[in-house]
Each structure stands twice: as C-alpha cells, then as structure tokens.
Amino acid sequence: MPTKKHILSIDDEADIRELLQEVLTIKGYRVSTAAEPEQAKKIIKDDLPQLIIMDFQIEEGDGFVLMEDIKRLAPGVPVLLLTGAVFDRGTVRETIEKKVSSYLDKTASLSTIVAEIQRLLGDAPSSPEHS
Amino acid sequence: MKENIEQRVVGLFILMLAILGYVAWSSIHNIKESIRSNDWVNHTHAVIIHAGEILSYLHGGDAALRTFLITGDERDKQGYRVEYNTMVEQWTEAERLTGRNEEEKALHQRFLDLSLLISNRIDVARSMVQAREQGGLEAVRQQFNTHPDVESINKIERAVRNIDKSENQLLRERDEQQHLQAQATKATVYTGLGVNCVLVLLVVWLMRDDLAARRKAAVALAEANEQLEAKVQERTAELVKTNQSLKQENLERRWSYQALDHQLRYNQLIINSIEEMVIVISRALNISRVNPAVVQTTHWEPQELISQSIERVLQFPPDPAGGASQNPLTAAMRDGRQIQDRPANLLERSGRIIPIRYTLIPLHDQDKIVGGVVTVRLQAGVQQPRQT
C-alpha cells in the first residue's frame, strides 16, 4: 500500500480548514492543519509535507512572514496560496506568484482547487469531476 | 415439467409392477395347471393300466379255467379263482378311480357297464366249474354246447379297448393342452419381460431427458443469477457514482458558502475599518448601508438611516446659478456620472451642522446603474465630534 502524501493546510478559518481536510482525505491524502505560524512551523519540522496550502490571513501572525519562513524551512516544497483577499491578476503575477507555486482565490470551485493540488503533487485526477 | 416427468416415471413403474404381477400370476397359474394335468395324466395312465390288467387277468383266469375243465386239477381251479379275483380287484380300483369326479362320469358308466359283463363271465365260469365237478368232462362239453359264451369275453375285450382308446385320446388331448399351456407360459413370461425391458428403457430415457432438462434449467438459472449479479453490480456502481457526485456537490456547496462567507466578512471588515464615512444609496437616493464611521460621526443609529433619504444626513448648498435648490446627486445618478470632492453639510442627530466634502461614485452593474456610494470626509480644520 503506497504511503499517502502529506499536505499541510494553514488557515485562520476553522471551517475552511476542516472542509479542505475532509475533501483531501477523501481524495487519498494525509492532511495536517494549522491556524497559526508556530503550529505550522512545528508540523513542517516534525513531518515535512509534500504540499503546503496557506492563506495570508492567519491567527497571531503574518502570511507574508510565514511564507518566507516556509521557504527557509521547506525549500522545494510547493506552496499553494488560497486566499480570500482579492488581488488583481496582474498584480498577483508580478508579486505573489513569484513567492508561491500557485495562487487560487477562495471563491474558486472545490474541483478547481483539488485539480490544482493534484497538479502540484504530480497526481492524476482521481475522478472525472476533478479533471 | 418436473412433476409431469415424475408422474410419468411413477406411472411406468406401476405399469411394470402390474405386468410383473400378471406374469407371476400367469406363471403360477400355468404351473398349477401343469401339476393338475400331470395328475390327470398319471390318473389316466392308472385307469388304462387297470383296464389292461382286467383283460390280462380275464385271459389268465380263462386259461386256468380251461385247464381245470380239462384236468379237473384243484390247483388249476385255484389258479382261475385267483386270476378272476384279481381281475375283479383291478375293475374295482378302476371304477373307484373314475367315480371320484364329474368329468369322468361317462367313463365311470362304462366301467359300471363292464361290471355286468364281468359278472356274467364269472357266473358262466362258476357254472362250468360246477358242471366239471359234478358231471365231468361230458357235462362241461354239454354246457359248452348249450352255452358256448364266446361273446361275453369279446364284449369285455371290446369294452376295455374302447375305454383304453378313449383314455388314450384324453391323454393326447391333455398332452396337447399341457404343451399349449407351457407355450402360453413361455410367451407370457417373455412378453412380460420384453415389455418391462421396453418400459425400463423408456424410464431411463425419461430420466435422462429430465436430467438434461434439469441441467439446462440449472445453467439457465446460473446465467440468470450472473446477469442479475452483473445488473446489481452495475446499479451499485451507479449508486456509488451518484453518491460520490452528491457528496462532491455537497462539498462544493459547503466550500462555496464558506468561501463567500469568508469573502463577505473580509470585505465587511475592510469597509468597517475605513475612517471616511461611506454611505451606500439606491437610485432613488435612499440609504441602504452605512459604515461605522457614519454612526460615530453623526450619532445616528443605522436603523434610523436605512431606507431614509440621504438628505437626512447631507445638506447640499443652493445652486450658484440661482435656480431652484436641487439635490445634485439626482442628476448624477440619472446620468451615471461621478461627483468628485464637492462641499456639503453633514447633519448630526443633535441638529448640529458640520461642513464636509463628498464624492459620489455610481454603481454600475452590467450597464445598469443600481445605486451609488457616497464617501464623506470632514473639511480641513473641522474637529471630529466627540463620541457620546
């Protein structure tokens, strides 16, 4: 039985964290969650994930600072920025996309988000609705 | 079909048993008939033998009588008596044998008729013996001359031969009858066995046919089960797929709700954190939303402003051209035009008037003006009123 890929989800919204964890668990991933930077950094040190999903808005911290910490602690691990802070596409291309592997707005559909996660992990879509 | 075959097999077995029963009964019957015929044959032979013995002893007795008549020797006389007595015993035995059943009534009658002839012959013999003892040879000669009695012996011989002839005829008939019975028994047994063999073959054929039908039915049942199983699996797969799809839709809905809720709260947070007063109005210039800065500055509660005209909080200066005083927002909203940084007065809930500058941005949604946003800031040098 192949080992499940580990994904770390960092978000200040408990509902968002739980829903994302539920969906990704169904898709066959092992998901850890964190609401604040110290907790996220501890998980990264103890059990290096294959993908990190994060929001700018986090409890007791700053998303941009945490992004730098992640680059230092887990170099080479892809980071998917999933945020509700609406950015202009052009601005994102010029600024944030250089710091992360991919960017998606939280208003994107769940299937789009899962497909992007699978793409970043090099997995084929597990079902047609996510293709 | 199955019950029909079972009924046929049971029926054939019953028929076979009936045939076997008939064959057995017929064989036993024929054996009994054979035994009876054998008894008859033995009986007839006994009658023939006794009849033959009558003649034999008659001739023996007659010869001894003649010898006595010539010699006058007592031993010859004794000899004739013995022979005649034995003849009578043979007749008695034959008469007894034939007098036991109705079938031999005619034969028995013949023996009774024969008894008269024998009695006559014995009487003649006695008279001759008496004549020899009393008158010697001459008296015997006279007796012969007067009563030659040649016919009585011939009659007895004819009667016995007739009996013998008829008994032999009966023997032949019974032999033939016995032969026919044996043939009939053989034919019955062979026919019965033959029919039973045919019935056994028929039963085997029926059972083979039934087994073949059962095998075919079992195969058809197995195929039907396989098809049913395949359909169940197919349906289960469809249900699983539908369930997954429903789960996915549910998750999508929950995600959409969470994302939009988050987005809304985030936007609300941004608007609420703006220091400038923000008043959202409808096309008819009625207030639909205010930010906390409006409440803090004017002391109006939101419920006192929502659905009220914007003129409740803003007073616009008269037209410099001296025309009738008209709200400048009306024309701007109608034309979809922005108003940038114009002076006006803010009305506090207490009635105090504060000079401000305002900006109007009409809200366009798909080429339609659905409302507008008025941002208000205090003019330079005007103090923010204290919070009460």
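Select strands E1 and E2 (residues 287–290) of chain B. Three bridges join E1(B) to E2(B), and the two run antiparallel. Strands here are DSSP runs of E, at least two residues long, and helices are runs of H or I, at least four long, numbered from the N terminus. Two strands pair if DSSP finds at least two bridges between them. This is a predicted model: local features need pLDDT of at least 70, side-chain atom pairs count only at pLDDT 80 or more, and totals for chains, interfaces and linings use all residues. Residues are numbered from 1 along each chain as its sequence is written, and chains are lettered from A, ligands numbered from 1, in the order in which they are written.

Stay on this hairpin. Five residues lie between E1(B) and E2(B), and B:Leu285 in the turn has a positive phi of about 65 degrees. Pick B:Val280; its bridge partner in E2(B) is B:Arg289.

Now show the side chains of E1(B), residues 277–281. B:Met277, B:Ile279 and B:Ile281 point to one face and are buried. B:Val278 and B:Val280 point to the other face and are not buried. Buried means 20 or more other C-beta atoms within 10 Å of the residue's own; exposed means 12 or fewer, and partly exposed lies in between, with C-beta atoms placed from the backbone.

Add strand E6 of chain B, residues 368–378. Five bridges join it to E1(B), antiparallel. B:Met277 has B:Val376 as its bridge partner there.

Next, select helix H4 of chain B, residues 151–272. Its 122 residues should span 182 Å at 1.5 Å a residue (taken over one less than the number of residues); the end C-alpha atoms are 174 Å apart, which agrees. H4(B) is hardly covered, with 10 buried residues among the 122. Among them are B:Ile156, B:Val160, B:Ile163 and B:Trp255.

Move to chain A. It holds six helices and five strands. Colour the strands: they form an open sheet in the order E2-E1-E3-E4-E5, with parallel pairing. E2 (30–34) and E5 (102–105) of chain A stand at the edges with a single partner strand each, so one side of each lacks a neighbour in the sheet.

Zoom in on E1 (residues 6–10) and E3 (residues 51–54) of chain A, which run parallel and are joined by four bridges. A:Leu8 stands opposite A:Ile52 in E3(A).

Finish with 131 residues of chain A in view: 31% count as buried.
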